Structure formats: structure tokens, C-alpha cells
Amino acid sequence: MFMILGYPAPLMFGQLLLGLINGAFFALLSLGLAVIFGMLNIVNFAHGALFMLGAFVAWGLLNFLGVNYWVALLLAPLIVGFFGVLLEKTLISRLYKLDHLYGLLLTFGLALVIEGLARNEFGSSGVPYPIPSQLQGAMNLGFMFMPIYRGWVVLASAIMCLITWLIIEKTSIGATLRAATENAPLVQAFGINVPRMITLTYAGGVALAAFAGVLAAPIYSVNPNMGANFIITVFAVVVIGGMGSILGSIVTGFGLGIIEGLTKVFYPQGSSVVIFVVMVIVLLVRPAGLFGKAA
Amino acid sequence: MPRFMMFGFSRPQLIAFLVMVALVAVAPFVLYPVFLMKVLCFALFACAFNLLIGYVGLLSFGHAAYFGMGGYVAGYAAKAWGFTPELAIIAGTLAGGVLGAAFGWLAIRRQGIYFAMITLALGQMAYFFCLQAPFTGGEDGIQQIPRGNLFGMISLKSDLAMYAVVAVVFLFGFLLVHRIVHSPFGQILKAIRENEPRATSLGYRTDSYKLVAFIISCALAGLAGGTKSLVFGIATLTDVHNAMSGEVVLMTLLGGLGTIFGPVMGALIATAMENYLAQAGAWVTVIQGVIFVACVLAFRKGVIGVLAERLKIQL
């Protein structure tokens, strides 16, 4: 066994992988938050609850309808996305003319409702979700044993981030979206249905959260609190990266995941706060965020 | 401004204030004093929070940090150092203020929605700190905090004696917030809320004003938390948890943002609701969420705001 900086290499790489996984979730969630904020001017506090909902939908599909993991990976984001359409149409759309803070308060309330209902139904301990048979076991990479499922999570998130980036930056739909983010009335004047676009943007961002939720289901136990603990850290990630840039959200998400993983090796007590400490440093050095435009 | 203003109160406000004082004085003989003390502590906490959101337009989403830290420090001072209650409460107030100065100094670098997210994240950091710091007792919290003797002489063991102290603390905090809001300083805070660039262009250093308001609010939150830990003899993680931050937002929103009496009314309703729904378990969270949604969509002025509108007065 060889050592890195006095720590056994497998421990190091193991934590690095865990960090990458957390980073993958940070990236997917902060990406969705950034897209939603750009279009709706609302910080979606319910994002963590919808991440949790994605995991529970996958669990429900498996246990009640016998739908397997791979189909759930596609179906759960669609279902949660549709739920997002309902939320946007019935509740959130009433707030666009008000101060941004009301959007935050409304979605905070929604998060309380969704998480409270889940806690009533399933208790706080949660339910298990099995790793799909194709992804069980571990692979010997020479320097460490990598559980295949964990590798898959990193890969799948990275691909999903890439797809989202490509859609927003390289397609005509994405171009319209970016234009509407800059100046919605003008885009509407060109005959584009902006309200529908806003609804679909919300659904899309929420679907990303649900996708992350399904990926997370076999790793963490599926429990009602899984999103609540995550979302605050994701907010810190968003403050660090700034919500201006798509690529920025992805890079910041993965980067902070790795930093958190490494902290677990070198200074375990600090791992729960390291991202907040990074946030403090960024606020001191570059208040607008790493990829943010100065306000 | 009308001529008959007293202490910054207009006539309807003065009447409402006197009614409130009378109710605070009579209530412990009618209702359970411990419940009332809880209401008063939360009412002070909500007033402190309202100073920021109602009058400066700053949504601090991590206010539990200052409330809880005030509770821990006051409790620790009373138990480990044998501070008398008034000194312990002052220590809690200072703790809230100092923590608020540090966090506020960081958070005012960003505006609007980012400010809310930063204060939330810093609040979570404070929570993790309290979870691991040796003096907070981790999961157990600080237990059996003595109420002690006021000024070293008057025993606060009886609930009525303690209630008198809590009532005085609450009224002091309430009047202080009111006085600040109606001072020239408060006028500038409101100018910042309405239009910060314009306040800057008029030559005000808005960041300094925001920071001072933030520190005052946090110190008052610490005062409320410190008092609460003496009342119940316990300081735990519940008071620093972000759910508590959410609760104070709910109280203020429900009572009426930017009204003087709103936070008090909101604290009363929310605490009473929790008391009656204690058996309902997780449904409390669901109900709180529904109230949030309903308030934001249809009831943005809050109970007192609507009342004031109906009566065509300011409350």
C-alpha cells in the first residue's frame, strides 16, 4: 500500500470519490437553481425537497409498480417535472411582479409541506433502495477498489451536466432561453410564448433535481430529510460560484465536492463546515462569486 | 407628523401599546406563565428580526444562530461561571451582537437574494459549530441552567418573578426597536429599503447603516435567546437549527412585516398553534408550510397589517 502525504492512498482515493459524488449532486442542483433563477428570478428553496421527491418517486415506482432503476431514472424526473409545472402554474407564477424575497418564502413553505408530508408517511429513518444488479460490485482500478455504482453516479451526472450545458449554449432553444433571461419582453415581442417557456424552465430545473434524487437513492437511504440538509450547502455553492454562468455552476459544484472529500481525510471535524468556510473566503476576496458578474 | 406623538408613538399606537402592556401585566394570572414567557421571548426575537426585514428590507434567513448562541452563552455564564441572571442575559446579548457583527460584515457584501442565502449558510455553519464545540454540550445541550437571584438578591425560582423579568426585557426590546425605527437613523434605514442606490447617491454609507441595524437585531435576538434559556433552564441545538430561523420568519410574516405589533401577534399565534398541535407531530411542519404559502400568496400584510388597513391607522 503506498501513501500520499502520510495517508494511505486507498483512503485518500475513496474519500475523493465520495467527494466527487457529492460534487456531482451539488453540480446538478446548483445548475437547476441557476437556470430557474435566471428565468424566474426566484431562488427555488423547494429544490432540496424536490430532489428528495425524485428519490421517493423512484422508490414508489419500484415497490408499487415494479418499475426498475433505469426506467425510473427517466420517469421520475418527468413526474417531478410535471409536478413542477403544476407548482409553477398554480402558485409561483403569481409572484413574478413582487419582490424576489416572496419567491424564496413561498418555495420555503412548499419545501416544509413536501418534507412534512413525506415525514408523516415514511418517518424520519427512510426506506432502502437497492443498487441495480448491473451496477453492483466493485472494480479494481489498480490504486483502489471502486464500487461500480459510485463511478456510475459521477459519470451520469457529468453527462447530464454536459447535456444541459449543450442545450443551453448550443441549441436554438437554449439561445431563446438565454435571450429571454436577458430581456423577456423583447423576446415575447418576437412572438415567443415566454410564460410557457418560464413554466418549462422551472420544470426542467426541477427535473434535474429529481434526476439527482434518483441517482442518490441507492447511495443514501431514501429519507425525507435528504434534501433539507443538502439544499443549504447547495446555496453556499451557489454563492461561491455565482448564478451567472452554467459552466461555472458545474465546475464549482464538482470542485467543492472534492474539497469536502479531501477535508474528510485531513481534518474530519471540519468537513461539515469546509464549504461554508470557502464561502466566507470567497466573499472576502471576490464578493461577486467566482463566476459571477459584479452586481 | 402629528403633534401628540409620545416616544415616537402616534395616538392609535400609544393606545395599542398601553393595551399590550395591560395584557402583559394581567396575562400571568389568567394563563400559564411559562407559556407566556415563551411567547414573550419569541415575540422579542420576531421584533428583532422584523427590524431587518420590515425596515431595512434585509431577509436574514439564519437568525436562529444569534438567538441560539445568546441562549448558549447566557446559559453557560449562569451555570459554569455563576453569573447572576441579569449579567448572564447581558452576556447572551453581547454574544448575539458579536456573532452578528462578524456574520453581518460578511453578508452585507451581497444584496437581495444572495444576502438571504449567505445568512442561511452562515447560520448553518454556526449550527455545526454548536454541534461540535465543547461548551455547548453537543446533542445534550446545556441543562439545568439556574435562574439564580436577580442582582444577587431576588430569587427567580417562582414563575411569576421570572415572568416579571421577562416582561421587562420584552418591553425594553420592543420599545428599543420602535425608537430605532422612528429615529433619524430609522428613516435612513427605510430609505435604504425603498431605494438603496438613491440612498447611496444622497451620500449615506448604506453598508454601515445596514451593518449597524444588523448588529442591533442580532444583539436583540441574543437577548431573547438568553432570556429563554434562563426561563427553561436549558439551551439546546433546537434554538440554533435553521428550522428556528424559518419559524421566526413565519411569525413575522404572519403578524405583518414592517408593523410594530405584527411580530408580537405572530409570535403569539405561532406559539399557541404549536402548543395545541404538539400531539400532531410532523403535521406541524406541514401546517407551517401551508401558512407560509397562504401568507405569501394572499395575506402578505399579515394579521396586524390587515387590521391597520381596515382601521386606517398605523400599527
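**Entry 1: N44(A)**

I started at N44(A) in this predicted model, where a polar contact of 3.0 Å joins its side chain to that of Y202(A). I then found a second partner: the side chain of N44(A) also makes a polar contact with the side chain of H47(A), again listed at 3.0 Å.

Where does N44(A) sit? I placed N44(A) in the loop between α1 and α2 (47-65) of chain A.

Is N44(A) buried or exposed? Its relative accessible area is 0%, so I noted N44(A) as buried.

I also looked up the surroundings, leaving out residues up to four places away in sequence. N44(A) touches L33(A), I36(A), L50(A), T107(A), Y202(A) and V206(A). Y202(A) is thus on this list of contacts and is a polar partner of N44(A) too.

**Entry 2: two positive phi angles**

I stayed in that loop for N41(A), which lies between α1 and α2 of chain A as well. N41(A) has a positive phi of about 60 degrees although it is not a glycine. I wrote that down because most residues other than glycine have a negative phi. N41(A) is partly exposed, with a relative accessible area of 36%, whereas N44(A) is buried at 0%.

Chain B gave me another case, Q144(B), with phi near 50 degrees, a positive value in a residue other than glycine. Q144(B) lies in the loop between α5 and β1 (149-150) of chain B. At a relative accessible area of 68%, Q144(B) is exposed.

**Entry 3: salt bridges**

How many salt bridges are there over all chains? My count by the rule comes to six. I followed up some of them in chain B, with this in mind: side chains of opposite charge can pair when their charged atoms come close.

R147(B) and D159(B) meet through their side chains in a salt bridge at 3.0 Å, N to O. R147(B) is in the loop between α5 and β1 of chain B and D159(B) is in helix α6 (residues 159-181), so the pair ties together parts that are 12 residues apart in sequence. On accessibility, R147(B) counts as buried at 16%, while D159(B) counts as partly exposed at 26%.

Next I checked K228(B) and D239(B), whose side chains meet in a salt bridge with an N to O distance of 3.0 Å. K228(B) belongs to helix α9 (residues 206-232) of chain B and D239(B) to the loop between α9 and α10, so this pair links distant parts of the chain, 11 residues apart. K228(B) counts as buried at 11% relative accessibility, and D239(B) is buried with 8%.

My last pair here was K301(B) and E309(B), a salt bridge in which the closest N and O atoms are 3.4 Å apart. K301(B) is partly exposed, with a relative accessible area of 45%. E309(B) counts as partly exposed at 47%.

**Entry 4: where chain B meets chain A**

I turned to the interface and found 36 residues of chain B in contact with 41 residues of chain A. The two chains bury about 3,600 Å² between them, 82% of it on carbon and sulfur atoms.

How many salt bridges cross the interface of chain B and chain A? The rule finds zero. For polar contacts between the chains, I noted a count of two residue pairs, with both residues at pLDDT 80 or more.

I then asked which elements supply the chain B side. Those giving two or more residues are α4 (85-107), α5 (112-132), α10 (242-255) and α12 (283-298) of chain B. The largest share, 12 residues, comes from α5(B). Sorted by class, this side of chain B has 25 nonpolar, eight polar and three charged residues.

**Entry 5: helix α11 of chain A**

I closed with α11 (residues 274-285) of chain A, a helix of 12 residues. The helix reaches 16 Å from its first C-alpha to its last, close to the 16 Å expected at 1.5 Å a residue.

Which residues of α11(A) are buried? I listed V274(A), I275(A), F276(A), V278(A), M279(A), V280(A), V282(A) and L283(A).

What covers them? From chain A, the cover includes α1 (9-40), α9 (226-241) and α10 (246-266). Chain B is part of the cover too, through its α4 and α5. I had already met both of those helices among the elements on the side of chain B that touches chain A.

Note on methods: Residues numbered from 1 in each chain as written. Chains lettered and ligands numbered in written order. Predicted model: local features only at pLDDT ≥ 70, side-chain atom pairs only at ≥ 80, totals over all residues. Heavy atoms only, no water. Contact = heavy atoms within 4.5 Å. Buried area = accessible area lost by both parts, 1.4 Å probe. Salt bridge = Lys/Arg side-chain N within 4 Å of Asp/Glu carboxyl O. Polar contact = N/O pair within 3.5 Å; in protein donor to acceptor, adjacent residues only side chain to side chain. Helix = DSSP H or I, 4+ residues; strand = E, 2+ residues; numbered from the N terminus. Nonpolar A, V, L, I, M, F, W, Y, C, P; charged D, E, K, R; others polar. Expected span 1.5 Å × (residues − 1). Buried < 20%, exposed > 50% of the residue type's maximum accessible area, 1.4 Å probe, protein only.
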